[in-house]
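Student: Could you take me through one part of this structure, slowly and in connected sentences?

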Amino acid sequence: MSQADRRPRFPARWDTAEPARSLGHLRSVPAPSRVGPLAKLTPTDRPSALAPVPQGAAALAATSSGVGLDSSAVRTAMVQRLAAQGLQHPAVLRALHQVPRHCFIDTALIAQAYEDTALPIGWEQTISKPSIVGRMVELLCGAPGARADTARPLVGRVLEIGTGCGYQAAVLAQVATEVYSIERVRGLHERARANVRALQLANLQLILGDGMQGYASGGPYAAIISAAGGAELPVVWIDQLAIGGRLIAPTEVTDAHGRVQQALVVVDRTAHGLQRRVLEAVQFVPLKSGIESHGRL
Ligand code: SAH
């Protein structure tokens, strides 16, 4: 093998065959099971109406540097793929097209920015796959209190637990009137701040804190979404949910055979009480308590 052959290629690839523990997030998303009323696509919203473009990394590779990419066209292709997999809500598809995912990840991984894969963001955490971001945000947009027919279906405040690099927070800021996102790792919180700055999202507030406590000063929330999973749902999250609001979080559940696994849990708060549903199995990073100010990248 020549020296050149041994040299790592650039941009480097993140191998999704790595152990799930280090990936943290979903490796596969089952066909979405629909929850709540979803808005109908109009012909102009329909991603299939968009012009065909080169796929994912191939499109990025087609540019000379990989940085001056036509990211809008690559995102169009990503949205088309997600729509083909079942993602339907026009506002969510529009939001995923709007947010430049490549601005939230390390430049070494930029060629994979629009692939449906989780990628490392430092501090042993990962940016979620676009399909799981779409799935969860779509579930929120189907909440009883959400508006079905508008670009911003989520009226009121949304709380995200686990800002990470800020990508999902930026997507939420496209579909909600107001978003609070809380992160416990100081380094990630600061990185997310830097990542979202250029997007000038006046309706997004990033907070450093322990999201297991929720964020009482922003509540009650029209929606709460967690990007990290614990053994059970913290009671304060339910307390901070408005009537008509929806909470979605990965949480441990016990299946019919007594096996404990993580699944997406949806809780709707209605005037008559709480409705809890368990959806598909997922694999998110752990929900941890306290604030972490040190630690390695
Ligand atoms: N939504 C993120 C995904 C980040 S991964 C994105 O788009 O990049 C989940 C994040 O949850 C990690 O950054 C982790 O540090 C954070 N987290 C875990 N427990 C938390 C807690 N109690 N409060 C706030 N953030 C937490």
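Student: Looking closely at the shell around the ligand, how do its residues divide into nonpolar, polar and charged?

Tutor: This is a predicted model, in which local features need pLDDT of at least 70 and side-chain atom pairs count only at pLDDT 80 or more, while totals for chains, interfaces and linings use all residues. Residues are numbered from 1 along each chain as its sequence is written, and side-chain values use heavy atoms, with hydrogens and water left out.

The shell around the ligand divides into 13 nonpolar, ten polar and five charged residues, where Ala, Val, Leu, Ile, Met, Phe, Trp, Tyr, Cys and Pro count as nonpolar, Asp, Glu, Lys and Arg as charged, and the others, Gly among them, as polar. In total 28 residues surround the ligand, the closest being Q168, E183, D210, G211 and K288; a residue is near if one of its heavy atoms lies within 4 Å.

Three of these closest residues also face nitrogen atoms of the ligand: an N or O atom in the side chain of D210 is 2.9 Å from one, a polar backbone atom of G211 is 2.7 Å from one, and a backbone N or O atom of K288 is 2.5 Å from one. Taken alone, the ligand exposes 580 Å², and the protein buries 100% of that, with areas from the Shrake-Rupley method and a 1.4 Å probe.

Among the elements, β2 (125-127) is one of those that give two or more residues to this shell, and β2 gives the most, with three residues; strands are DSSP runs (E, at least two residues), numbered from the N terminus.

Terms used:
A polar contact is a pair of N or O atoms within 3.5 Å; within protein, one must be able to donate a hydrogen and the other to accept it, and residues adjacent in sequence count only if both atoms are side-chain atoms. Helices (H or I, at least four residues) and strands (E, at least two) are DSSP runs, numbered from the N terminus.
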